[in-house]
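Trainee: Got a minute? I'd like to walk through this model with you.
Mentor: Sure. Put it up and ask away.
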Amino acid sequence: MDYVLKTNGLCKQYKDFKALNGITMSVPKGSIYGFVGRNGAGKTTLIRLVCGMQFPTEGEIEIYGVKSSDAEIADSRKRIGAVVETPSLFPEMTAQDNLKYQYRLLGMPSFDGIPELLKLVGLENTGSKRAKDFSLGMRQRLGIAVAMCGNPDFLILDEPINGLDPQGIIEMRELILKLNKERGITVLISSHILDELSRLATHYGFIDKGSIVREMSAEELEAACRKCVRITVTDTSAAVRALDEMELEYKVINDDRIDIYAKPNITRLAAALEKEGSEILSCTEHDENLEGFFISLVGGGSDE
């Protein structure tokens with residue numbers, strides 16, 4: 001498999017704080033790689049190192065097979081377009097003028113590609129409207145257009161849907177899918193909005209406290225997200241005794257709900273619970289989602 005990005009033992013130390021702690025990860029060519037972690041887990045720090053905005057304390061980055069210690073790494077980074085944290089825009093300029101500025105910065109020979117780029121991100125009809133008067137979703141899409149000015153084949157987006165309304169999220173999702181499927185652009189998306197990420201990603205990297213906890217494909221994630229039978233009961237302690245007696249794997253969710261990781265005979269299950277003094281009030285099949293899987297990996301603590 002070809003990879004556009006690989007890191008090996010990447011660390012970043014800020015005085016007494018270790019933001020990254022030995023990250024090793026691989027982003028396959030042509031993928032939409034969901035970089036999953038809580039706020040403060042180290043996602044933006046990793047992106048800054050990849051883009052050359054900061055330098056690692058230890059470890060190595062490899063972009064398109066070129067190591068960060070090689071002189072050619074600057075050329076490899078030219079193949080990256082990135083929107084880190086908030087888009088770098090000139091608020092008093094129009095969308096077109098923002099793109100013209102970026103073209104000049106990159107030494108592009110003409111502005112011929114700008115109309116197509118504006119159309120790609122859905123901003124072709126903004127005319128003389130200034131960026132400061134755009135909605136948040138429009139600014140995010142303009143930020144992607146700016147990142148696309150150098151015709152990159154690897155796009156890095158740091159929390160691109162954070163703060164967007166439902167319509168803005170849909171537009172952003174459609175744009176990312178279009179860039180990936182129609183233009184073959186590899187996309188790395190860092191996000192803590194897991195439900196939306198699950199609609200996009202083909203691969204995942206889970207980060208917690210500066211370390212990669214696990215990497216997997218979307219297919220592997222689907223297989224790992226376990227199906228269960230969720231029961232609501234009148235007495236959880238009594239139900240647990242019955243489940244232990246039946247040797248079923250389970251997890252107590254709260255005071256009255258239990259997930260059973262099996263397909264039990266409901267009649268036998270109800271009889272076993274009744275014998276211990278508990279009744280089943282409801283019983284439904286339940287699939288673990290991306291959020292549930294992530295919490296099972298890193299624990300259910302609050303954001304850092």
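Trainee: Let's start with strand S8. Is S8 mostly covered or open?
Mentor: Covered, for the most part. S8 runs over residues 186-191, and six of its six residues are buried. Keep in mind that this is a predicted model.
Trainee: Which residues sit on each face of S8?
Mentor: Thr186, Leu188 and Ser190 are on one side. Val187, Ile189 and Ser191 are on the other. Both faces are covered, and these residues are all buried.
Trainee: Why do they split up like that?
Mentor: In a regular strand, side chains alternate between the two faces of the sheet.
Trainee: How many bridges join S3 to S8?
Mentor: Five, and the two strands run parallel. S3 covers residues 32-36. Tyr33 stands opposite Leu188 in S8.
Trainee: And what about S7 and S8?
Mentor: Strand S7, residues 154-158, is also parallel to S8, with five bridges between them. Leu155 has Val187 as its bridge partner in S8.
Trainee: How does the chain get from S7 to S8?
Mentor: Through helix H6, residues 166-183. That makes a β-α-β crossover, and it is right-handed.
Trainee: OK, another sheet. What order do the strands take in the open one?
Mentor: S2-S1-S4-S5. Those four strands pair in the antiparallel sense.
Trainee: Which ones stand at the edges?
Mentor: Strand S2 (17-28) and strand S5 (66-67). Each has a single partner strand, so one side of each has no neighbour in the sheet.
Trainee: Inside the sheet, how do S1 and S4 pair?
Mentor: Antiparallel, over five bridges. S1 is residues 3-14 and S4 is residues 58-63. Leu5 in this pairing stands opposite Ile63 in S4.
Trainee: Switching to the cores. Which residues touch the most other members of the largest nonpolar core?
Mentor: Leu99, Leu142, Ile144, Tyr204 and Phe206. That core has 49 residues. Helix H5, residues 136-147, gives the largest share, with six residues.
Trainee: Any other core?
Mentor: Yes, a second, separate one of 24 residues. Val66, Ile156, Leu188 and Ile207 are among its members.
Trainee: Back to Phe206. What is it in contact with, beyond its neighbours within four places in sequence?
Mentor: Quite a list. Phe206 contacts Val36, Ser211, Ile212, Val213, Arg214 and Met216, among others. The list also includes Leu221, Leu290, Phe293, Phe294 and Leu297.
Trainee: You mentioned H5. Where is Gln140 found?
Mentor: In helix H5.
Trainee: Does Gln140 count as buried or exposed?
Mentor: Buried, because its relative accessibility is 7%. The cut-off for buried is under 20%. With neighbours within four places left aside, Gln140 is in contact with Pro87, Glu159, Pro160, Leu164 and Met172.
Trainee: What about Val240, buried or exposed?
Mentor: Also buried, at 18% relative accessibility. Val240 is in helix H9, residues 236-246. Leaving out neighbours within four places, Val240 contacts Tyr250, Val252 and Ile258.
Trainee: And how far is the C-alpha atom of Val240 from that of Leu273?
Mentor: They are separated by 8.6 Å. The two residues are 33 apart along the chain.
Trainee: Pockets next. What volume does the largest pocket have?
Mentor: About 760 Å³. Its lining has 27 residues. Ile80, Ala82, Gln102, Val146 and Ala147 lie nearest the centre.
Trainee: Which elements give two or more residues to that lining?
Mentor: Strand S6 (80-83), helix H3 (95-106) and H5. H3 supplies the largest share, five residues.
Trainee: And closed space? How many cavities of 30 Å³ or more turn up?
Mentor: Two, from a search of the whole structure. The largest cavity holds about 50 Å³ of space.
Trainee: What lines the largest cavity?
Mentor: Pro160, Ile161, Ile176, Ile189, Ser191, Ile193, Glu196, Leu197 and Leu200. S8 and helix H7 (194-197) each supply at least two lining residues.
Trainee: Last one, the overall picture. How many helices and strands are there?
Mentor: The protein has 11 helices and 14 strands. The C-alpha trace spans about 80 × 45 × 35 Å along its principal axes. Of the 304 residues, 44% count as buried.
Trainee: And what share of contacts joins residues at least 24 apart?
Mentor: 68%, among contacts between residues at least 6 apart in sequence.

Note on methods
Residues numbered from 1 in each chain as written. Predicted model: local features only at pLDDT ≥ 70, side-chain atom pairs only at ≥ 80, totals over all residues. Heavy atoms only, no water. Core = buried A, V, L, I, M, F, W, Y, C linked by side-chain atoms within 4.5 Å. Buried < 20%, exposed > 50% of the residue type's maximum accessible area, 1.4 Å probe, protein only. Contact = heavy atoms within 4.5 Å. Pairing = 2+ DSSP bridges. Right-handed = clockwise from strand over helix to strand, strands pointing away. 1 Å grid on protein atoms, 1.4 Å probe; cavity = no way out; pocket = protein on both sides within 12 Å on 5 of 7 lines; lining within 4 Å. Points joined across faces, edges and corners; volume = space filled by probe spheres on them.
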